[in-house]
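Trainee: Could we go through this one together, starting with the overall picture and then moving to the charges on its surface?

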Amino acid sequence: MSRRFTVTSLSPVGHQEPSSPRPHLDPDPRGCRGEDGKGDGNPKESSPFINSTDSEKGKEYDGKNMALFEEEMDTSPMVSSLLSGLANYTNLPQGSREHEEAENNEGGKKKPVQAPRMGTFMGVYLPCLQNIFGVILFLRLTWVVGIAGIMESFCMVFICCSCTMLTAISMSAIATNGVVPAGGSYYMISRSLGPEFGGAVGLCFYLGTTFAGAMYILGTIEILLAYIFPAMAIFKAEDASGEAAALLNNMRVYGTCVLTCMATVVFVGVKYVNKFALVFLGCVILSILAIYAGVIKSAFDPPNFPICLLGNRTLSRHGFDICAKLAWEGNETVTTRLWGLFCSSRFLNATCDEYFTRNNVTEIQGIPGAASGLIKENLWSSYLTKDVIVEKHGMPSTPLAEATPLNLDQPYVFSDMTSYFTLLVGIYFPSVTGIMAGSNRSGDLRDAQKSIPTGTILAIATTSAVYISSVVLFGACIEGVVLRDKFGEAVNGNLVVGTLAWPSPWVIVIGSFFSTCGAGLQSLTGAPRLLQAISRDGIVPFLRVFGHGKANGEPTWALLLTACICEIGILIASLDEVAPILSMFFLMCYMFVNLACAVQTLLRTPNWRPRFRYYHWTLSFLGMSLCLALMFICSWYYALVAMLIAGLIYKYIEYRGAEKEWGDGIRGLSLSAARYALLRLEEGPPHTKNWRPQLLVLVRVDQDQNVVHPQLLSLTSQLKAGKGLTIVGSVLEGTFLDNHPQAQRAEESIRRLMEAEKVKGFCQVVISSNLRDGVSHLIQSGGLGGLQHNTVLVGWPRNWRQKEDHQTWRNFIELVRETTAGHLALLVTKNVSMFPGNPERFSEGSIDVWWIVHDGGMLMLLPFLLKHHKVWRKCKMRIFTVAQMDDNSIQMKKDLTTFLYHLRITAEVEVVEMHESDISAYTYEKTLVMEQRSQILKQMHLTKNEREREIQSITDESRGSIRRKNPANTRLRLNVPEESAGDSEEKPEEEVQLIHDQSAPSFPSSSPSPGEEPEGGEAAPEKVHLTWTKDKVVAEKNKGPSPVSSEGIKDFFSMKPEWENLNQSNVRRMHTAVRLNEAIVKKSQDAKLVLLNMPGPPRNRKGDENYMEFLEVLTEHLDRVMLVRGGGREVITIYS
């Protein structure tokens, strides 16, 4: 679908714009970070173009045609500026020059960087060929064909090549979806699947590349000792049984020496490795051409490589020269050296091996040629067990008795290992790896988004054709017993594939030697840079040291670690054992490349716009499934170990790694999964069995945006234990435009505290013109869809009596009403500063539940959840319920015990009997002062004159016969105690004034209590003192309903007329609060936590101010209290 863009010039006619350079505006004024300020700070990833400089950011647009958009010019670039920046975009070359940018930035003047000029052929195709063709082709492919046969070998090659081709298609889509800097596959996976997957797979790919280096070095030593200089072996075998051990020891010694030399070359300078790369590539191509030339020549002139067979058993050529038992020398018959190997002496009458005596010696051609029709014999598999003789099918043979043991010292060709199809897959797969070479060089290409797909896919197609044709041609040209002879013992110790080559086997030997050397150097060059790229990303903290290196950026420490890991592969010493290990790591890397492409395609993320169009998510999914299947086909235990290593790295990065925001696909996948889950949750409310408190925690922040009561979050952590939903909300007063920075700081502060308290959840800060509306907005709009809070946790407003917080108690009561209207449960913590932190432990004590009314089971559920946390684990649970006069307390206790048994909750049960009693004078006095205070509070909304008159009438009413001489200067002082929640030291008595005069109306800051009247009713004093101290409260309680009198104070009975005028509803409520408080204090004085039902606010708003007083009386003299109000639904059930 074509798109047309029209650029319209707005310049006036005849006006010529000055030829000044176009301004380059910074596309991201926040320092090239993500929307939320996160990210890794790399401008290459968050900016639409890279080459914007700081000096260009300050330039402004001078024209007047865009004056309408001048406000946007500060943050958004003009289209002309953006297009100019994109057109002038150049990317720095990478590969061995990936550190040039850092070096240029260190200097005062940037060096000019020449544009990359490499095309598809030189930049992608040839490097991929060099990395794919390797040691397996020359040392093991003939053996694989001989063991598995042409058919199974063809299937094996086809499966492996299909796997890499599908991976290349996925890789091409990812590589053409933007610029791929240094890091290659690691960069692609990490930026597509996130830092956890990227780090895990990147390290697996690093280990695979490192073990590949070990495999190439072992191949180099095998070629050197087996085919070039066998005499260099340090360890010699005394007999045939010790040959394998001697070979492995030689591999270890020489392998360590070669590894040291190669690491030294890489340390001295990569430029030397790069200079010889073309030579090594030439050796590979020349060797392959020599093989094809030999195949063509064998069709009409087969090479002469005779094989000696005894019966159908293949003989090793190391100990004899003539393939015969007897030979003619003149007119005399003499025994050959072969006779001496099977007989006790060289004489004709010697005792010989029974099989040697029964069977004839024959000699056949090892390379019959392509026209021999040999392909039919090699079509099917011939799997061998360890230490069995390689035999030719169809040859006449006289077998021995089955019980006859084999003599390993006899000159037969023995199999060195037990072979089966899955083993061969693991050994062969490394020969198809190396497809990432093109993407690793993306910065060196003239057009990376065109060259990478074309070059990589062509290279895989070429190598796949070579491998498939080699399987067929090897089976058609080479005798089966020679193919199954891994080390070429039957052909005079020659490299088997070399016997087919033209003009000489030494072409293959020398070519394969140099190609394996080059591949080993390339691995030791690439692996440290991959580790350095991972280390510099900072996602694995303990690897950061490997990000450092020499002054020019060469990864010295990473090279040292790579050499140490490579030495592990050298000590294994067997090429056939190392190959499956690196197969696991490469297959895991390829699997996640396919997964990345499939995820991005299925999610249809807006940034997923690859230029390579020939991909589909089904192909990526097929490639991923094929990789996973091949992992378990090769070796199920290696596959499990590799997946365990990747899983541990993933969890480590998730737990300790730096937070990165790379716009990865896993985040999009998480969003899709969350959306799906939220839509499922919308289908209906949760069942009672699934109900758990989803908390909205309302916290207050101070002027520095720090949480005032962090203990609320500690309680949240103890209550939730990381399960369910937690939203921590706060409200700031003001406007959004003015207070947005403060809101961001508050969010950061709350998030830090949540992390410190291990609260898993979300943070939401709302800016509102007043606190009441802000809290209402949080309650209404918190959560999303079905993932919404059902419980509100808030602290008790302990300073609600103070003058400056006169609105606090109104906000609190509105909060209670709104949660009730919204069918939300409400938890109110009183004295929250005394609640334990997460490090604290209660070794004993109890959690007391006072179950007054049924609230849906919240009071039962909360202590059960708290006891799951280690802070409360050793506390026992006690449940108290209240029995009235008509209740049978014994039966109530039985019923409650049975109910708890069915709930599977262990708790002690006690029924508290509350008998009918007269209302005490203490209750009347509390109610009287409460109503006086309530009337005084109303004066806050009256005019000055009305306030004076109202205060006068209140005073006259409460004082009875006392007359005021100067009403304008009336002062009413209430001296009462204030109990500061959370203070460990109680003040003996605090005097707080409530003064009303002409200038400043006020109201008391602590709980009003029944007062004492001074003597002298005739004369009106200037100030009236109504004092009620804690000592007097206790004394009054002990006296019960009896009147109180003291020296200098009016007799208490004089106030009974005022008692009769009190609101009887308030008296009854106060009576209930006082009696319940007495019972709770008596039973639960020493409890670690008290939970009790929270009574609802009055329906008539005129009594709101009294509601707070009732709650204060209900909970006084208790350390830790949680008032609980249910949400109107059952939250606990006895059913399973």
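What follows is a short conversation about the fold and the charged surface patches.

Mentor: Gladly, and please keep in mind throughout that this is a predicted model.

Trainee: How many helices and strands does the protein have?

Mentor: The protein has 36 helices, alongside 17 strands.

Trainee: And what share of the residues is buried?

Mentor: Of the 1136 residues in the protein, 51% are buried, while the accessible surface comes to about 54,800 Å², with 56% of that area belonging to carbon and sulfur atoms.

Trainee: What about contacts between residues 24 or more positions apart?

Mentor: Such pairs account for 80% of the contacts in the protein, counting those with a separation of 6 or more.

Trainee: Switching to charges, which residues form a positive surface patch?

Mentor: Lys-758, Lys-760, Arg-841, Lys-870 and Arg-873 form one, and within that group Lys-760 sits in the loop that runs between helix H26 (736-756) and strand S8 (762-768).

Trainee: Is Lys-760 buried or exposed, and why?

Mentor: Lys-760 counts as exposed because its relative accessibility is 61%, and the cut-off for exposed is over 50%.

Trainee: Which residues make up a negative patch, then?

Mentor: A negative surface patch is built from Glu-238, Asp-239, Glu-243 and Asp-409.

Trainee: Where does Asp-239 lie?

Mentor: Asp-239 is in the loop between helix H9 (195-228) and helix H10 (243-268), and it counts as partly exposed because its relative accessibility is 35%.

Note on methods:
Residues numbered from 1 in each chain as written. Predicted model: local features only at pLDDT ≥ 70, side-chain atom pairs only at ≥ 80, totals over all residues. Heavy atoms only, no water. Patch = residues over 30% accessible without salt bridge, like charges linked within 9 Å, V, L, I, M, F, W, Y side chains within 5 Å. Areas by Shrake-Rupley, 256 points an atom, 1.4 Å probe, with all protein chains shown as cover. Salt bridge = Lys/Arg side-chain N within 4 Å of Asp/Glu carboxyl O. Lys, Arg positive; Asp, Glu negative; His and termini not counted. Charge placed at Lys NZ, Arg CZ, Asp CG, Glu CD. Helix = DSSP H or I, 4+ residues; strand = E, 2+ residues; numbered from the N terminus. Buried < 20%, exposed > 50% of the residue type's maximum accessible area, 1.4 Å probe, protein only. Contact = heavy atoms within 4.5 Å.
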